Amino acid sequence: MRNIILPAALLLCALFIAPSPLAAQGRYENVSEKIDGIERTGIVYLPSTLRAGAPIVTCVHGYGGKANPKSYDLDPVAEREGFAVLYPQGLKDPSGHTGFNVGYPMQKGMNVDDVKAISRLTLYTVKKYGLSRVNVFLTGMSNGGDICYLTALRGHHPFRAMAPVAGLDFTWSHRLYYATNPPAVPMFEIHGTEDRVSEWTGDPEGKGGWGAYLPVPMAVGYWAARNGCVSERTDTVPSKDPHSTHYIIRHFYEGAPSGNDVQLYQVVGAPHCWHNHDIDTGEEIWKFFRKFVK
């Protein structure tokens with residue numbers, strides 16, 4: 001079943017991640033560091049507005065993808081707001097697909113700690129360009145969203161907040177790390193209700209080929225409860241596309257004593273994508289992260 005589903009999933013991602021208008025003022029540089037004996041690489045966007053001690057957002061690509069800033073809409077926001085963006089490159093798994101190890105069945109035998117690798121490559125980039133060691137944030141799409149959840153469960157250092165897009169919280173990792181009482185962390189998930197790759201309703205039996213995972217509201221609700229949020233408010237906003245039938249139900253989980261609030265954007269009718277057809281995803285992610293900048 002996995003081999004049947006994968007090509008369609010990758011095609012769907014390609015169709016719904018539109019190239020973003022890149023900010024021309026900044027520059028791109030390649031970064032690399034040897035981690036656990038493997039050369040790990042990525043691309044960093046450095047805006048023309050960059051200052052010493054600026055924040056950094058690490059954006060992780062999906063399964064079968066590559067470190068490609070054009071797939072996202074973060075760089076124009078980074079140019080305006082003055083933060084750097086790091087795009088790590090995943091390794092090939094035993095099936096020949098690039099990605100980040102979150103325990104998919106096809107990643108068995110990969111033996112790569114990608115939570116560690118992404119964290120180390122981010123800190124290397126921070127040091128190389130004189131960025132903030134405190135204002136460090138993590139986002140990603142699909143497989144990149146999965147790694148956000150896994151990083152959060154494992155303790156989330158050095159990241160102050162997470163923003164998975166179409167991400168999954170796997171049953172195995174949730175059970176394993178739940179007992180460790182992971183530290184609170186702000187969490188913001190954006191997810192389509194018609195996502196047929198990372199199902200909104202979860203996949204408790206792992207029939208989709210990724211392994212068993214929680215329903216999205218349950219995955220986000222865990223962090224709302226863990227962070228100590230005591231209230232929820234919702235509103236509904238239309239798609240930015242006047243021709244779209246999609247709309248967004250925004251859930252705000254608030255009142256956490258630590259200030260670690262949680263958000264969930266439920267994009268009704270939307271498929272597996274970065275969602276920039278319906279919302280300005282990069283803008284919304286930075287709006288969330290900016291609340292936690294010190």
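Student: Which residue's backbone oxygen does the side chain of Thr281 reach?
Tutor: This is a predicted model, where local features need pLDDT of at least 70 and side-chain atom pairs pLDDT 80 or more, while totals for chains, interfaces and linings use all residues. Numbering runs from 1 along each chain as its sequence is written, and side-chain values use heavy atoms, with hydrogens and water left out. At 2.7 Å from the side chain of Thr281, you'll find the backbone oxygen of Trp274.

Student: Is Thr281 buried or exposed?
Tutor: Thr281 sits in helix H7, residues 281-290 (a helix is a DSSP run of H or I, at least four residues, numbered from the N terminus). Buried means under 20% relative accessible area with a 1.4 Å probe and protein chains only, exposed over 50%. Because its relative accessibility is 0%, Thr281 counts as buried.

Student: How much space lies in the second largest cavity?
Tutor: A cavity is a set of points, on a 1 Å grid over the protein atoms alone, where a 1.4 Å probe fits but cannot get out. Points join across faces, edges and corners, and volume is the space filled by probe spheres set on them. Two cavities of 30 Å³ or more turn up, and the second largest holds about 30 Å³.

Student: Which helix gives the most to the lining of that second largest cavity?
Tutor: Lining residues have an atom within 4 Å of a point, and here they include Val102, Tyr149 and Trp172. Helices H4 (143-153) and H5 (171-178) each give two or more residues. With four residues, the top contributor is H4.

Conventions. 1 Å grid on protein atoms, 1.4 Å probe; cavity = no way out; pocket = protein on both sides within 12 Å on 5 of 7 lines; lining within 4 Å. Polar contact = N/O pair within 3.5 Å; in protein donor to acceptor, adjacent residues only side chain to side chain.
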